[in-house]
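Student: I would like to go through this fold with you, step by step. Can we start with the sheets and then turn to the helices?

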Amino acid sequence: MSLISRWFLVLSAYVWCLPAMARSNVNMPVGVTPISREVHGLHMMIFWICCVIGALVFAVMFYSIFKHRKSKGAKAADFHESTTVEIIWTAVPLFILIAMAIPAARTLIAMEDTSDAEVTIKVTGYQWKWHYEYLDSGISFFSALDSEHNVARQLGSGVDVSKFDHYLKEVDNELVLPVGKKVRFLHTASDVIHSWWVPDLAVKKDAIPGFINENWALIEEPGVYRGKCAELCGRDHGFMPIVVRALPEDEYLAWVAEQLPAPEVVAESESGATAAVAAEDDADREWAMDELMAKGETVYDAACASCHQAGGVGLPGAFPAIAGSPVANGPVDVHISTIYVGVQGSAMASFANQLSDSDMAAVITYQRNAFGNTVGDLVQPSAIKALR
Ligand SMILES: [Cu+2]
C-alpha cells in the first residue's frame with residue numbers, strides 16, 4: 001500500500017468517527033424524555049442543513065473564483081436587476097426556513113402542553129438554592145450545594161477537586177421524580193431571576209419573582225440527571241446545582257411514603273423514629289443549649305455558610321462576618337429580626353418561610369455562641385413561634 005493511500009485510510013477513519021465523537025463530547029445530550037429527543041433531532045437536522053448550505057455556497061464561491069480568475073482573462077458581467085435571480089434567492093431560503101419551522105413549531109407546541117400532568121412540582125429559585133414543593137403530596141424541601149463541596153469551593157484554588165466525583169454538581173436533597181409519568185414544573189423565584197436547567201430533560205425555564213412559568217418532562221429512563229441555574233443570579237450563581245433522581249414508579253412511591261410522616265404514628269407520640277422526629281422539631285418544649293448548638297451548626301452550614309462562609313468569617317465587602325458581629329453579639333431581638341425579617345435591600349433575605357421555629361432558634365443560638373462569640377444566651381423555638 002502506498003503511503004498516500006495509507007494516509008487516506010487513516011484520514012477517512014478519522015472523519016468517519018467525527019460524528020460519534022461530537023455526540024459524546026461536545027454535542028447537546030439526546031436526553032431521556034420524548035421532548036429532549038425531539039429537540040436533539042431538530043438540532044441535528046438543522047445542523048446538517050447548515051452543513052449542506054455551507055458546503056454548497058463555498059463550493060460555488062471557490063469554483064467561481066478559480067474558474068473566472070483574472071489571469072484567465074475573465075471579464076465581470078455587467079447586469080442589474082435580474083428578476084429570475086432575485087426570485088430564486090428569495091424563494092430558496094424561504095422554502096428552507098419553512099421546512100425547518102414546521103417541525104420546530106410542532107415541538108414548541110408540544111413543550112407548552114402541560115395538560116394531564118400526573119405530578120406537579122413547584123420550583124422556587126433562591127439566592128442560592130432551590131426549593132421544591134410536590135403539590136400533590138405536600139412534600140417540600142430546599143436543595144442546596146452539598147456542604148462538603150461548599151466548604152471545598154471556599155478554599156478557592158487550594159481545593160483538591162480529584163476527591164469529588166461530581167464537583168459542584170452535588171446537592172444535599174435531590175429532586176426525586178417518577179419514571180414514565182408526566183411531571184409538570186411550575187417555575188418561580190423569591191428574590192431575583194433564576195433559571196432551572198436540566199439538559200437531559202430538555203427543561204430550561206426562567207424562574208421570575210411574581211410569575212409562574214410552566215414546563216414538563218416525561219422521564220423514560222431511571223437515573224441521575226444534573227443541571228444548574230442558567231441565569232446570572234448574583235455572586236454565587238455558579239453554586240446552585242440541580243440533581244434529579246428518576247426512580248421507577250414503585251420506588252418513587254416508597255420514597256414519597258418515607259417523606260410523609262404516617263399520621264397514626266405521630267398521634268401515638270410514645271416511641272419510635274417518627275415520634276423522635278416530631279420531638280426534635282417541637283417548638284413548645286424547652287430546648288437545652290447543646291441541642292440548639294448541634295442543630296444550629298447543621299442549619300448554619302446548609303442555609304447561611306454560602307454567604308457568611310465556613311467559620312463565620314464573612315466575605316469583606318459582600319457578607320458581614322458572624323464572628324465578632326455586633327448583631328450576633330448584641331441584643332437578641334435585633335438578632336432575631338435580622339433573620340426572621342431579613343435586611344431590606346440586601347442579600348440577607350427573610351428566613352421566616354425557609355426555616356422552622358426550631359431551625360431559626362437553633363441557628364441564632366449557634367451564631368451567638370460559636371465562631372468565638374460568647375454571648376451565652378439561647379433562643380427557644382417558642383420565642384420564634386410567638387412571632388408567627
Ligand atoms: Cu440562580
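**Sheets and helix pairs**

Tutor: Note that this is a predicted model. Start with strand S9 (residues 223-229) and S10, which run antiparallel and are joined by 6 bridges.

Student: Which residue in S10 is the bridge partner of glycine 223?

Tutor: S9 and S10 are antiparallel neighbours. Follow glycine 223 across to S10. Its bridge partner there is alanine 246.

Student: And in which sense do S4 and S10 pair, parallel or antiparallel?

Tutor: Strand S4 covers residues 175-178 and shares 4 bridges with S10. Leucine 177 stands opposite alanine 246 in S10. The sense of the S4 and S10 pairing is parallel.

Student: How many of the 7 residues of S10 are buried?

Tutor: Strand S10 spans residues 241-247. Buried here requires 20 or more other C-beta atoms within 10 Å of the residue's own. The strand is mostly covered, and its buried residues number 5.

Student: Which strands stand at the edges of the sheet that holds S10?

Tutor: This open sheet has 5 strands in the order S4-S10-S9-S6-S7, with mixed pairing. Each edge strand has a single partner, so one side of each is left without a neighbour in the sheet. The twist averages 25 degrees from one strand to the next. The edge strands are S4 and S7 (203-207).

Student: What angle does the direction of helix H5 make with that of S4?

Tutor: Helix H5 covers residues 249-259 and packs on the sheet S4-S10-S9-S6-S7. H5 touches S4 and S10. Its direction and that of S4 make an angle of about 135 degrees.

Student: What is the strand order in the open sheet that holds S5?

Tutor: That sheet also shows mixed pairing, among 5 strands. Strand S3 (140-143) and strand S8 (213-218) each have a single partner strand, so they stand at the edges. The twist averages 25 degrees from one strand to the next. The order is S3-S2-S1-S5-S8.

Student: Which residue in S8 stands opposite arginine 184?

Tutor: Strand S5 (residues 182-189) and S8 run antiparallel, joined by 6 bridges. Look across from arginine 184 to S8. The residue there is tryptophan 216.

Student: Now the helices. Are H2 and H3 roughly parallel or roughly antiparallel?

Tutor: The axes of H2 (residues 34-67) and H3 (residues 83-112) come within 10 Å and cross at roughly 165 degrees. Angles over 145 degrees count as roughly antiparallel. The crossing is left-handed. H2 and H3 are therefore roughly antiparallel.

Student: How many nonpolar residues does the contact of H2 with H3 have?

Tutor: On the H2 side, the contact includes Ile35, Val39 and Leu42. On the H3 side, Ile96, Met100 and Pro103 are among them. The contact also has 1 polar and 1 charged residue. The nonpolar count is 11.

Student: Why is H9 oblique to H10?

Tutor: The axes of H9 (residues 332-340) and H10 (residues 357-369) come within 11 Å. Angles from 65 to 115 degrees count as roughly perpendicular, and those over 145 as roughly antiparallel. The H9 and H10 axes fit neither class, so they are oblique, crossing at roughly 130 degrees.

Student: What is the handedness of the crossing of H9 and H10, left or right?

Tutor: His335, Ile336, Ile339 and Tyr340 in H9 meet Met360, Ile364 and Arg368 in H10. These residues divide into 5 nonpolar, 1 polar and 1 charged. The H9 and H10 crossing is right-handed.

How values were computed:
Residues numbered from 1 in each chain as written. Predicted model: local features only at pLDDT ≥ 70, side-chain atom pairs only at ≥ 80, totals over all residues. Buried ≥ 20, exposed ≤ 12 C-beta atoms within 10 Å, placed from the backbone. Helix = DSSP H or I, 4+ residues; strand = E, 2+ residues; numbered from the N terminus. Pairing = 2+ DSSP bridges. Axes fitted to C-alpha atoms, helices over the stretch in contact; angles between N-to-C directions. Parallel < 35°, antiparallel > 145°, perpendicular 65-115°, else oblique. Left-handed = near helix turned anticlockwise from the far one by under 90°. Contact = placed C-beta atoms within 7 Å. Nonpolar A, V, L, I, M, F, W, Y, C, P; charged D, E, K, R; others polar.
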